[in-house]
Amino acid sequence: MTLRRRLLDWILAGLLIVIPALVLRASLSARSPSRVDQAVLRVTAPLQAAVTWGANLVGGWWGKYVALINVEAENRELRAENEKLREKLAALSRRAVDIDALEALAALKQKSSADSLGARVIAAPMSPEFRVLRIRIDRGKSDVSVGMPVITAGGPVGRIIKVFGNYADVELVSDNAARTEVVIARTGGRGIMTGLGKTDSYACSIEWLERATNPEAAIKVGDEVVTSGLGATFPPGLLIGTVSKITGDDGMFQSVEVMPSVDVSRVRSVLVLLAPPPPPDPDAKNKKRSDAMFGARAL
Amino acid sequence: MRTATIVFAAYLLAIVLTAVWHRLPIGMIAQSAPDIGALTAAYLGLTARRGLAPAMGGAVVTGYLLDLVSGTPAGYLALTLALTCVIAYGTQRRILVRGTAMTIAFSGFVATVAGVLGWAVRVSQGMPRSAVSLELQYVVVGTLTTMLLGPPIWRGFRRIDAAFARTQRERDAALEGLAP
């Protein structure tokens, strides 16, 4: 290469640095592409669009089919994780229910003046129709005794019928052997609620409820039934259930069916009232009533 | 004609890679596509047969087309690639880029040089810049991807060179990476 050609080459090379620099400066100050840019873009844009379309087509096919190979494994992992989280959620929900029940129980214990003891339900034998027939609590001979009433914040559950070791069995108010003195809250009508002992429901019944002459005082479906406090099993005024059906009405007496307020299948913890029913007094006949009533000796 | 073919091939490749690169399942590397412009400019500079000007012309046109493709201000990549071409031309008589390892190393070198030159051009022209750490990250990732794709791209350029060879000897030399 001659000196002249070499010189020319370097001058051209220098120009090829200066020109882009000037173009860059001009394009930085201009807001829209120059005419040359627009013309080149008009020529190259279709090519670019075609290549991009093809790449998108192949990329889409790849993303939809080939890349799904990993999705299967990822899906399996997510399912397993989902399963674990569901189990955790179920456990936490159960715990939350237990905590709610315990809180309600604590509030009840605080409110009640009776001496009481909390207990956990550890077993609940069920009927073939999935109704709880009886519950077992984790309090035994050292804590409780037969006859003690068992309640929850929702109302009476039943009474202890058997104590063995560290456990006790509770006969439910819906058991056909259970008898509970009750009052219809609205009318004041008294009766004895007995469990129907059904295996498919917790229904109880009250027989021989005196029918009031005033039609307003007649018992209706939805009337609340509360404990009377007589019979010395439960304290008075505890909501025990609601009248669900009028089963008989002969003009003088009414018979009703009652649905207990406590859903025994959901009970996890209970309160045992430690004041047992008073034992029968063998000397009752020999005692003077005034002694018992006023604590003073008769003249 | 040979330079025009190389420029057109580089332009096509850049369009394809621009459309495809971010879709590839290659993690962080997908952030920065290989610097096809730098590879082309370096190849043109390294294989300049009849002086520097034609090679630089090819580099400037490549840069200008890539400016239009990537949406950078016209002249930015043209200037950067022109300077990259000059640097590659400067190494022409000192090193022989032959064999895969040397090609990878030289690809990394030109990608780094182009990255630094691009940054210098942006600084000198008062163009917007990212944080230094981010700029460095792009230079490093861009260098890595350019090193990965350098050998096949250079092989393609050598095939183009071989296609334009006038004699069998020139053809073999081009394929072997012995040109010019």
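User: Happy to look at this predicted model with you. Which residue just after H3(B) takes a positive phi, and of about how many degrees?

Analyst: Good place to start, right where a helix gives way to what follows. H3(B) covers residues 52-70 of chain B. Just after H3(B), the positive phi belongs to Gly71(B), with a value of about 85°.

User: How far does H3(B) reach from its first C-alpha to its last?

Analyst: Helix H3(B) has 19 residues, and at 1.5 Å a residue the expected span is 27 Å. The model comes close to that expectation, with a reach of 26 Å.

User: And how many residues of H3(B) are buried?

Analyst: Buried here means under 20% relative accessible area. H3(B) is largely enclosed by the rest of the structure, because the number of its 19 residues that are buried is 16.

User: Let's move to H4(B). What span does H4(B) reach?

Analyst: This helix takes in residues 76-91 of chain B. Its 16 residues would be expected to cover 22 Å at 1.5 Å a residue. The model is close to this, and H4(B) reaches 23 Å.

User: Which elements do the buried residues of H4(B) pack against?

Analyst: Of the 16 residues in H4(B), 12 are buried, so the helix is largely enclosed by the rest of the structure. Among them are Tyr76(B), Leu77(B), Cys85(B) and Tyr89(B). Their packing partners come from both chains: helix H1 (3-29) of chain A, together with helix H2 (36-46), H3 and H5 of chain B.

User: How is H4(B) oriented to H5(B)?

Analyst: Two packed helices are described by the angle between their axes and the distance between the axes. For H4(B) and H5(B), the axes are 9 Å apart and the angle is about 135°. That angle makes H4(B), relative to H5(B), oblique.

User: What is the handedness of that crossing, and how do the residues of the contact divide?

Analyst: The crossing of H4(B) and H5(B) is right-handed. Residues making the contact include Leu79(B), Leu83(B) and Ile87(B) from H4(B), and Phe106(B), Val113(B) and Arg122(B) from H5(B). By class, the contact of H4(B) with H5(B) divides into 12 nonpolar, four polar and one charged.

User: Over to chain A. Which residues does Thr44(A) touch?

Analyst: Thr44(A) sits in helix H2 (residues 35-66) of chain A. With a relative accessible area of 10%, Thr44(A) is buried. Leaving out residues up to four places away in sequence, its contacts are Tyr11(B) and Leu65(B).

User: Is Trp208(A) buried or exposed?

Analyst: Trp208(A) belongs to strand S8 (residues 204-210) of chain A. Its backbone is worth a look too: phi is positive, about 55°, although the residue is not a glycine. Its relative accessibility is 62%, and the cut-off for exposed is over 50%, so Trp208(A) counts as exposed.

User: How far apart in space are Gly189(A) and Val225(A)?

Analyst: Gly189(A) lies in the loop between strand S6 (179-184) and strand S7 (190-195) of chain A. Its contacts include Val182(A) and Leu209(A), not counting residues up to four places away in sequence. Gly189(A) and Val225(A) are 36 residues apart in sequence, while their C-alpha to C-alpha separation is 9.6 Å.

User: Finally, what share of the contacts in chain A with a separation of 6 or more comes from residues 24 or more positions apart?

Analyst: Chain A has four helices and 12 strands. Of its 299 residues, 29% count as buried. Among contacts with a separation of 6 or more, the share from residues 24 or more positions apart is 54%.

Methods: Residues are numbered from 1 along each chain as its sequence is written. Chains are lettered from A and ligands numbered from 1 in the order in which they are written. This is a predicted model: local features need pLDDT of at least 70, side-chain atom pairs count only at pLDDT 80 or more; totals for chains, interfaces and linings use all residues. Side-chain values use heavy atoms; hydrogens and water are left out. Helices (H or I, at least four residues) and strands (E, at least two) are DSSP runs, numbered from the N terminus. The expected span of a helix is 1.5 Å times one less than its number of residues. Buried means under 20% relative accessible area, exposed over 50%, partly exposed in between (1.4 Å probe, protein chains only). Axes are lines fitted to C-alpha atoms, for helices over the stretch in contact, and angles run from 0 to 180 degrees between N-to-C directions. Angles under 35 degrees count as roughly parallel, over 145 as roughly antiparallel, 65 to 115 as roughly perpendicular and the rest as oblique. A crossing is left-handed if the near helix is turned anticlockwise from the far one by less than a right angle, and right-handed if clockwise. Contact means heavy atoms within 4.5 Å. Ala, Val, Leu, Ile, Met, Phe, Trp, Tyr, Cys and Pro count as nonpolar, Asp, Glu, Lys and Arg as charged, and the others, Gly among them, as polar.
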